[in-house]
Amino acid sequence: MRPLSDFRPVAALNRWRNDPTVMQTVRSAAAATLAYAAAVWLLGNRPPPLLAPLTALLVVQVTLFATLTSGIRRVNAVVAGVLIAVGFSALVGLSWWSLGILIITALALGHLVRVEEFVREVAISAMLVLGVSHATDLALSRVLETLVGAGVGLLFNFVFVPPVWVSSASESIEDLASRMKDLLTDIGDEVAGHTPVERAAARLHEARDLNHDIAEVDESLDRAVDSLRFNPRVREGLLSRVVLRTGLDTLEIIAVVLRVTARTLTDLARKRTDEPLFPEETATALQDVFINMAGAIDSFAVLITAQVSKDADEAETFLLTELSAARTSREHVATLLLEHVQEHPRQWQLHGALLTDIDRVLDELDVEKRSMRLAEELDRSARRRRERYPRLARIQRRIEKARRRVRRRAGELLRRRKTG
């Protein structure tokens, strides 16, 4: 058997391939180099066509969708700037006041043609062209170099299709769910016995830190969603995007609820400095609820990333089991809290808030509600696509009608053969 040390380079290489930063660095450098070589071959190297590799560097993104959109915007920005500069050069030439008007006009035009992050490129292209005596020659050269760089960048991403980043997004979602699970487990451990205010406040800070974690996961998910668009290696990309996005939305709502729960327990700890937060029996039942909710969140994360982990059926079974146990424990907790409040009515509103938070988490994790949400999001996405591309929608409807006619005629022919 080969020693484990022999496989470490392979593991490191695989880890680098799954790192968006490493992959983007390698791909951008390769595309820029190819763009420069292509520009020198097509346009010559006097002066060096450095705009081509610069364009390729900006165009090649971590996903094919981002590459297409950024490439189009980049070319639009350069062409718009060149056209403005040629017009200014013919009419007024270069002076301090014409330069100011040129910049204002270029930036306004950049927003008008919706080049987004390349708005400044419109003004930069215009200034570079206006500042030379042979504006028309430089304008043509600048446009050609931009077209070469954008073309090489687009072709590079079509030949070397970027990775699908669903796996990394799924891992980020699972890591977020794991942190939420650990937080719920810690909260469950601390409701039993006396809880100092400092310890409860520490859990509250952990719950607030989930906002930062969600922002990072959201960025990873956006990259994964873009990698599914226009990618020839992906089937059912819309379903994957909706599953991941709605799953993260659910976890984000739960994170907010957990922050409120931690706030409630911190307030209770501040009021009950010399006694336990809850009686022993109530605390034990609450601990069961939090443990079941922690398990449900973990199963939910596996369920929404099932297109990668392929454990959907098992995860759904575990989720249903944990939710059922949590609801049973919740009813027991509600009965015990009601009895406790009737005997000692202090901070009764915090008890009600705690039960409300538990109900909200269980409701968000409900399997039937998630199925309804997925169906609604899929319908909404299909409706937006029809509204945005009405001609394509009409073509799809015609194709579907033709398919139904063919299937109906084929069925009639089979029935005639059987009866004949």
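The crossing of helices α11 and α14 is left-handed; a crossing is given that name if the near helix is turned anticlockwise from the far one by less than a right angle, and is called right-handed if clockwise. The contact is made by Leu-286, Val-289, Phe-290 and Met-293 of α11 together with Leu-354, Ile-358, Val-361 and Leu-362 of α14. Contact here means heavy atoms within 4.5 Å. By class, the residues of this contact comprise 8 nonpolar, no polar and no charged. Ala, Val, Leu, Ile, Met, Phe, Trp, Tyr, Cys and Pro count as nonpolar, Asp, Glu, Lys and Arg as charged, and the others, Gly among them, as polar.

The model is predicted; local features need pLDDT of at least 70, side-chain atom pairs count only at pLDDT 80 or more, and totals for chains, interfaces and linings use all residues. Residues are numbered from 1 along each chain as its sequence is written, and side-chain values use heavy atoms, with hydrogens and water left out.

Helix α11 spans residues 280-304 and helix α14 spans residues 348-364. They pack at an angle of about 25°, and their axes lie 11 Å apart. Axes are lines fitted to C-alpha atoms, for helices over the stretch in contact, and angles run from 0 to 180 degrees between N-to-C directions. The two helices are therefore roughly parallel to each other. Angles under 35 degrees count as roughly parallel, over 145 as roughly antiparallel, 65 to 115 as roughly perpendicular and the rest as oblique.

The protein has 16 helices and 0 strands. Helices (H or I, at least four residues) and strands (E, at least two) are DSSP runs, numbered from the N terminus. Of the 420 residues, 41% count as buried. Buried means under 20% relative accessible area, exposed over 50%, and partly exposed in between (1.4 Å probe, protein chains only). The accessible surface comes to about 23700 Å², and carbon and sulfur atoms hold 58% of it. Accessible areas come from the Shrake-Rupley method with a 1.4 Å probe; for residues, only the protein chains shown count as cover. Among contacts with a separation of 6 or more, 78% are accounted for by residues 24 or more positions apart.

Helix α10 covers residues 237-271 and contains Thr-264. Thr-264 is buried, at a relative accessible area of 5%. Neighbours within four places in sequence aside, Thr-264 is in contact with Leu-350, Ala-353, Leu-354 and Asp-357. Leu-354 also belongs to the contact of α11 with α14. Thr-246 lies in α10 as well. This residue is buried, with a relative accessible area of 4%. With neighbours within four places again left aside, Thr-246 is in contact with Arg-370, Arg-373, Leu-374 and Glu-377. Thr-246 and Glu-377 are 131 residues apart along the chain, yet their C-alpha atoms are separated by 8.2 Å.

Gly-149 lies in helix α7, residues 135-159. It counts as buried, at 0% relative accessibility. Not counting residues up to four places away in sequence, Gly-149 touches Ala-35, Ala-52, Thr-55 and Ala-56. A C-alpha separation of 9.3 Å links Gly-149 with Leu-50, 99 residues away along the chain.

Two further positions are partly exposed. Arg-208 sits in helix α9, residues 197-228, and has a relative accessible area of 38%, making it partly exposed. Arg-208 touches Arg-259 and Arg-263, not counting residues up to four places away in sequence. The C-alpha atoms of Arg-208 and Val-256 are separated by 8.3 Å, with their positions 48 residues apart along the chain. Leu-128 lies in helix α6, residues 119-130. At 45% relative accessibility, Leu-128 is partly exposed. Its C-alpha atom is separated by 9.3 Å from that of Arg-142, which is 14 residues away along the chain.
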